[in-house]
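Hi,

Here is the structure I said I would pass on to you. Have a look at it, and then read my notes underneath.

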Amino acid sequence: MRSLRVRAGAALLCLAASASLVSCGGSDDTAADGTVTLDYWLWDDRQLPAYEDCAAAFHEDNPKIKIKITQTAWLQYWQNLTTQLVSGEAPDVWVNQTTYSPTYATGGQILDLQPLVERDDVDLSGYQPGLTEPWVKDGKRYGLPKDWDTVAVVYNTDMLEKQGVDAADLQNLTWNPTDGGTMEEVVARATVDTKGRNGLDPDFDKKHVAVYGYLPEWEDASQGQNGWGEFAAINGFQYLDKNPWGTEYRFDDPKLIETLDWYKHLIDKGYAPSLAQKSELGNTELLSAGKAAMTLAGSYSISSYTGQNARQDFDFAPLPTGPAGRKSAINGLSDAIWAGTPHKEEAWKWVKFLGSAECQDLVAERAVVFPALTSSTEKTLAAYRAKGEDVSVFTDAAAAKDGTFLLPITERGTEIGPIVQDAIQSAILGQTSTEEAMRTANDKVNALLE
Amino acid sequence: MGANTAVARPRGPAGPASGEAPAPGRARRAPDDRKAAWLFLAPALLGFALFYAYPTVRGVYYSLTDYNLLAAPNFTGAENYQQLVTDDQFWNALKVTGYYVVVNIGSQTLLALLLAALMHRLTRSVVLRAMLLVPWLVPNVTVGLLWMWLLDTNLGFVNHILNTLGLGTTGFLSSPDWAMPSIAAVNAWAYTGYTALLLYAGMVQIPQYLYESASLDGAGEIRMFTRITLPLLRPVLALVLVVSLIGSFQIFDTIAVTTQGGPVGATRVIYFYIYEQAFTYFHMGYASAVAVVLALILGVLTAVQMRLLRASRSDLA
């Protein structure tokens with residue numbers, strides 16, 4: 001009996017063992033001639049070429065420092081990073097994100113850059129407003145901003161044109177949770193059933209929809225960056241008592257509940273697929289296959305809609321204006337230095353370079369993401385224009401006064417995400433009332449932060 | 001399976017008992033044999049100690065701490081286990097896993113039995129047998145991805161066909177009611193061929209004359225199956241059930257690839273829950289506690305099944 005138990009236990013635990021075994025990279029990174037190799041990690045393959053440019057330029061200026069870039073897919077990135085940290089083999093510098101950052105910062109894994117920033121007099125005023133704060137806690141600075149993203153409406157130009165909606169109509173959409181404003185009207189028109197009738201037609205058959213007008217995103221953790229978060233924000237919803245580093249979430253706010261109920265209404269009308277009939281493959285795939293006309297998209301996904309592989313003609317439009325104005329989530333990434341790196345000075349040099357105009361302009365030229373320095377924004381737009389793409393709605397959103405809001409940043413974000421996501425899904429599925437689902441989730445979330 | 005053989009191997013010959021009973025005429029050489037035996041066993045023992053025994057001990061220890069990977073663990077006693085008792089998600093995970101095991105093992109075993117019987121009574125084609133193994137040879141992650149595309153609500157081939165037949169659209173992986181049966185079916189698809197082969201191998205051992213005399217007595221195929229094949233297959237069937245039940249409890253990869261525990265926890269099986277706790281939330285201590293409990297459950301289940309296996313051993317001897 002005992003041996004059986006051990007056997008079963010052993011089989012189980014080898015899962016954990018094999019996960020940590022992967023992290024057996026060498027750490028001999030100082031060569032005989034004094035050349036230091038820094039490990040740099042990122043997850044976005046689309047951005048890899050841009051940072052390879054930066055690494056080459058940096059090496060030219062600092063022949064004694066080499067940068068070795070490792071790109072790992074998002075799904076494995078944080079597990080790999082964590083196991084590397086545990087085994088003392090972490091990369092010297094890694095691309096950091098606001099949900100995960102607090103765990104590592106609190107765990108003492110990220111170097112405080114504040115003393116270095118002060119020593120070297122680094123100018124932080126050139127960054128897009130709002131990007132430096134998420135990385136500062138209790139006077140300690142855990143990263144320098146590297147880029148930002150905002151959100152806009154992405155739509156299929158042909159489909160909307162066929163329904164008599166042109167680009168100009170989409171510039172000033174309005175929205176409210178009661179009747180959905182002109183946004184809902186456009187969504188209704190964009191929805192077409194298999195007989196070719198749109199959502200405004202009295203004979204519209206919601207059981208046989210060929211093209212959905214709007215695609216909601218339901219796997220959006222506690223942030224709703226690609227949908228409900230934006231609508232809730234323009235309805236006046238605020239995630240937290242204080243952001244960043246609040247301690248009390250407000251997921252039970254009626255403004256959020258109204259927003260979620262509007263989503264349910266869209267589904268009832270047949271303008272959006274129900275949650276039980278959503279595609280596991282994702283909204284981008286559905287839009288590309290011509291099965292839907294609109295959704296909200298972050299600027300980081302621009303290339304999925306405009307690249308050479310895009311199978312439909314897409315364009316971007318500003319978010320609608322709601323009762324509380326027009327607001328897009330703004331989110332940014334940073335570069336973090338591992339507290340245990342044996343090459344602190346070299347790593348700091350590289351991070352400073354990543355945040356400098358020289359590197360950010362190189363990134364701008366690749367037109368894959370908006371660099372954090374405002375001076376590089378125009379260059380990015382120009383690079384996009386050179387590819388024949390107008391993406392100014394994203395920069396307009398960032399530049400507008402009060403036009404952005406920060407996604408929630410608190411401790412234990414990775415645990416809060418699934419709680420809120422499950423609650424929203426159960427509300428949308430009708431398993432519980434929206435009010436009850438959100439109140440229960442909010443209590444659970446706030447209990448975590450106590 | 002791998003764990004079982006690795007653990008079992010060092011025990012038999014390495015135990016002191018086998019050295020005490022040397023073969024006739026070789027009594028004086030016994031000490032040498034023992035040395036050589038240990039030498040040969042050393043690699044396996046080392047592997048066992050390093051990769052099984054040590055992690056098991058560590059795992060049990062972590063289950064008594066608040067280990068979060070990034071900071072040194074503090075001993076917290078039975079706190080994790082107390083938390084477990086009131087953790088809805090844990091109980092839900094157990095329930096969901098049980099549901100999966102029943103659907104998966106049930107459908108897989110019945111189908112495999114049918115396939116094996118057909119192979120046994122109708123054809124002995126090696127090509128056919130090889131074809132049955134093909135799904136089993138595909139890596140689980142690939143199986144997951146493949147079926148995720150096939151079963152997609154709006155873009156998948158299966159729904160396309162159902163729609164053409166006028167049967168409407170089903171959210172195989174996105175509806176809370178369908179997600180788990182779909183995943184169970186996908187894994188049944190992947191493993192039925194393999195299980196069928198195991199059962200077929202068992203059927204081949206049944207003496208042919210039994211069938212011949214039965215057919216002389218006028219018994220039909222169905223009667224022969226229930227009166228001859230099934231009773232004589234019992235030991236093999238029991239073994240197959242033990243192995244596939246443990247495997248079924250450990251469902252992880254298909255879910256990690258397709259639904260990631262959703263919608264609303266409908267497919268958050270125990271293994272996925274352990275993984276989330278350990279590597280997404282960094283609650284390594286708590287995850288270890290869940291893992292220990294799962295190990296205990298599997299231990300009990302295996303013990304029960306082993307008894308059944310032993311009880312039905314010698315029908316053919």
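A word on names before we start: the helices here are DSSP runs of at least four residues, numbered from the N terminus. Please also keep in mind that this is a predicted model.

Let's begin with a loop in chain B. Pro263(B) sits in the loop between helix H12 (253-257) and helix H13 (270-280) of chain B. The peptide bond that joins Gly262(B) to Pro263(B) is cis, with omega at about -15°. Two other residues of this loop are worth a click. Gln260(B), also between H12 and H13 of chain B, has a positive phi of about 50° although it is not a glycine. Val264(B) is in the loop between H12 and H13 of chain B as well, and its phi is near 45°, again positive in a residue other than glycine. Why do these details deserve a second look? Most residues other than glycine have a negative phi, and most peptide bonds are trans.

Is Val264(B) buried or exposed? It has 24 C-beta neighbours inside 10 Å, so Val264(B) counts as buried. Gln260(B) has 16 other C-beta atoms within 10 Å and is therefore partly exposed.

Chain A has a cis peptide bond too: it joins Asn243(A) and Pro244(A), and omega is about 0°. Pro244(A) lies in the loop between helix H8 (228-234) and helix H9 (254-269) of chain A.

Now for chain B as a whole. How many helices and strands does chain B have? There are 14 helices and zero strands, so to read the chain from its N terminus is to meet α after α. Of its 317 residues, 35% count as buried. Among the contacts in chain B with a separation of 6 or more, 72% are between residues 24 or more positions apart.

The UniProt record, an unreviewed entry, annotates several stretches of chain B as "transmembrane region", including residues 98-118 and 281-304. In the model, residues 98-118 of chain B are 100% helix and 0% strand, with 30 Å between the end C-alpha atoms. Residues 281-304 of chain B are 88% helix and 0% strand, and their end C-alpha atoms are 35 Å apart.

Helix H9 of chain B (residues 179-204) is a nice one to trace by eye. Its 26 residues reach 37 Å from the first C-alpha to the last, close to the 38 Å expected at 1.5 Å a residue. Where is the kink in H9(B) centred? Look at Tyr191(B), where the kink is about 45°.

Next, the inside. The largest nonpolar core has 180 residues, and those with the most contacts inside it include Cys54(A), Trp350(A), Val269(B) and Val290(B). Helix H14 (residues 284-311) of chain B gives the most to this core, with 10 residues. Domain 1 (28-148 + 333-395) and domain 2 (151-330 + 407-448) of chain A both give residues to the core, so it lies between them. If you zoom in on Val290(B), you will find that it touches Leu84(B), Phe90(B), Ile270(B), Tyr273(B), Ile274(B) and Gln277(B), not counting residues up to four places away in sequence. Apart from the largest core lies another, of 15 residues, among them Leu113(B), Leu115(B), Leu233(B) and Leu237(B).

How do the two domains of chain A meet? Over C-alpha atoms, the centres of domain 1 and domain 2 of chain A are 31 Å apart. The contact takes 19 residues from domain 1 of chain A and 19 residues from domain 2 of chain A. On the domain 1 side, the elements that give two or more residues are helix H4 (101-106) and helix H15 (392-399) of chain A. H4(A) has the largest share of that side, three residues.

One last residue: Ile428(A), in helix H16 (residues 413-429) of chain A. With 24 C-beta neighbours inside 10 Å, Ile428(A) counts as buried. It touches Trp218(A), Leu260(A), Tyr263(A), Lys264(A) and Leu275(A), leaving out residues up to four places away in sequence. Ile428(A) and Leu275(A) are 153 residues apart along the chain, yet their C-alpha atoms are separated by 6.9 Å.

Enjoy exploring!

Best wishes

Conventions. Residues are numbered from 1 along each chain as its sequence is written. Chains are lettered from A and ligands numbered from 1 in the order in which they are written. This is a predicted model: local features need pLDDT of at least 70, side-chain atom pairs count only at pLDDT 80 or more; totals for chains, interfaces and linings use all residues. The expected span of a helix is 1.5 Å times one less than its number of residues. The bend at a residue is the angle between axes fitted to the seven residues ending there and the seven starting there. A nonpolar core is a set of buried Ala, Val, Leu, Ile, Met, Phe, Trp, Tyr and Cys residues joined through C-beta atoms within 7 Å. A residue is buried if 20 or more other C-beta atoms lie within 10 Å of its own, exposed if 12 or fewer, and partly exposed in between; C-beta atoms are placed from the backbone. Domain bounds come from an automatic or database domain assignment. Two residues are in contact if their C-beta atoms, placed from the backbone, lie within 7 Å. UniProt positions are given in the numbering used here, feature names are shortened, and annotations may be inferred rather than shown by experiment.
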